[in-house]
Amino acid sequence: MTILTTTAEVEAFCAGLAGADFVAVDTEFLRDSTYWPRLCLIQVAGPDAVAAIDPLAPDISLDAFQAILDDEKILKVFHAGRQDLEIFFHRVGRLPSPIFDTQVAGMVTGFGESASYETLVNKLAGAQLDKHSRFTDWAQRPLTDRQLAYALDDVIHLRTIYTRLSKKLAKSGREAWLQDEMRILTDPNTFRLEPEDAWKRLKLRTEKPRLLAVLKELAAWRETEAQKRDLPRNRVIKDETLLEIATQMPTDAHKLARTRGLSSGFAEGKWGEAILAAINRGLAVPAEDCPKPGPRIDLPPGLGPTVELLKVLLRYKADEHDVAPKLLANSSDLERLAADDDAPIPALSGWRKELFGDDALKLKHGQLALGIEKKRIKLVPAPE
């Protein structure tokens, strides 16, 4: 198995990729005990060559590989590439470009809600995945031939999957659908982890602006500490503890120590002082500047059945057009659509509106009906 452990080897391999239309890319990483994912292996396959790059090798430079990622003439192919892209964005502050995600492409071309890699390998590459090395500690060295074979298979099959999905997309005329979805993965804001936005990722149980102001400050402190110390957020302090502190708003170390899961030593130490300071910052925010809770959708009475009908229509349309339902709409979208004809949801614009949104509005207003014929759902124009 080919593993590149020196800068010269990486440069020679990448030179051979110059002029390629695309390269398949995958990574192996660990993040169980760190905030930032620890990159352990990079697998790369061009049309005629494949190799694994060892980023843990002493004194190795990845500049030549980064140049491939930055080359606008070479398409970078990933499968479910969000975490891979996060790694590259964190390393250099920019995303590979252009990119193609086979999971998204699979969802667009009829391979189901998640379009798993195993499904695509089976159906498009006619192969079976070796699962024995799935839980490998990729930071250990040396890697065995079996581990390397497992890692390289991901990009070897990815070449075939990309080629065949590309043909299916071209034949179906759905390239624009894919690009619409890819905009999220190519937006740097998707991967920025700003401490001041950390509170938005918490499962909130409150709509009180003052409590949200305190929680925002606490979450920002925790995010900063986690990034600085390269620790998982919950290793600094757990979500439920953070929420309880925000709710109780203790004013001194003694009261902070009463929080379930915190010791008096923690409360009286530097982190305890920082938490109390964060609470005070949240309490000092002017009322008009406190965060506002996100929009809450309260369905008017009687709309529940409408939502259920829309779900049936969604499944029907997804099956009819061989596309994953969640690409058209999710449950929240359907609730908003049931309540508002002009809801700002993707299903009411672009190709989704043509495929689903228009008929959803007709169904909602009694201009279209759902029937059953030969045990299958069908659409029936409603009588005038």
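This section describes cis peptide bonds and positive phi angles in the backbone of a predicted model.

Most residues other than glycine have a negative phi, and most peptide bonds are trans. Departures from both tendencies are described below, beginning with the peptide bonds.

A cis peptide bond links serine 97 to proline 98, with omega near -10°. Proline 98 lies in the loop that runs between α3 (82-92) and β6 (99-101). A cis configuration is also found at the bond between arginine 141 and proline 142, where omega is about 0°. The loop between α5 (117-125) and α6 (145-172) contains proline 142.

Positive phi values occur at aspartate residues. Aspartate 59, although not a glycine, adopts a positive phi of about 60°. This residue is situated in the loop connecting β4 (50-53) with α2 (63-70). Aspartate 59 has a relative accessible area of 77% and is therefore classed as exposed, the cut-off being over 50%.

Aspartate 230 likewise is not a glycine and has a positive phi, of about 55°. Its position is in the loop between α8 (209-229) and α9 (233-236). The relative accessibility of aspartate 230 is 30%; because this value falls between the limits of 20% for buried and 50% for exposed residues, aspartate 230 counts as partly exposed.

In the predicted model, the cis bonds thus described precede proline 98 and proline 142, while the positive phi values belong to aspartate 59 and aspartate 230.

Terms used: Residues are numbered from 1 along each chain as its sequence is written. This is a predicted model: local features need pLDDT of at least 70, side-chain atom pairs count only at pLDDT 80 or more; totals for chains, interfaces and linings use all residues. Side-chain values use heavy atoms; hydrogens and water are left out. Helices (H or I, at least four residues) and strands (E, at least two) are DSSP runs, numbered from the N terminus. Buried means under 20% relative accessible area, exposed over 50%, partly exposed in between (1.4 Å probe, protein chains only).
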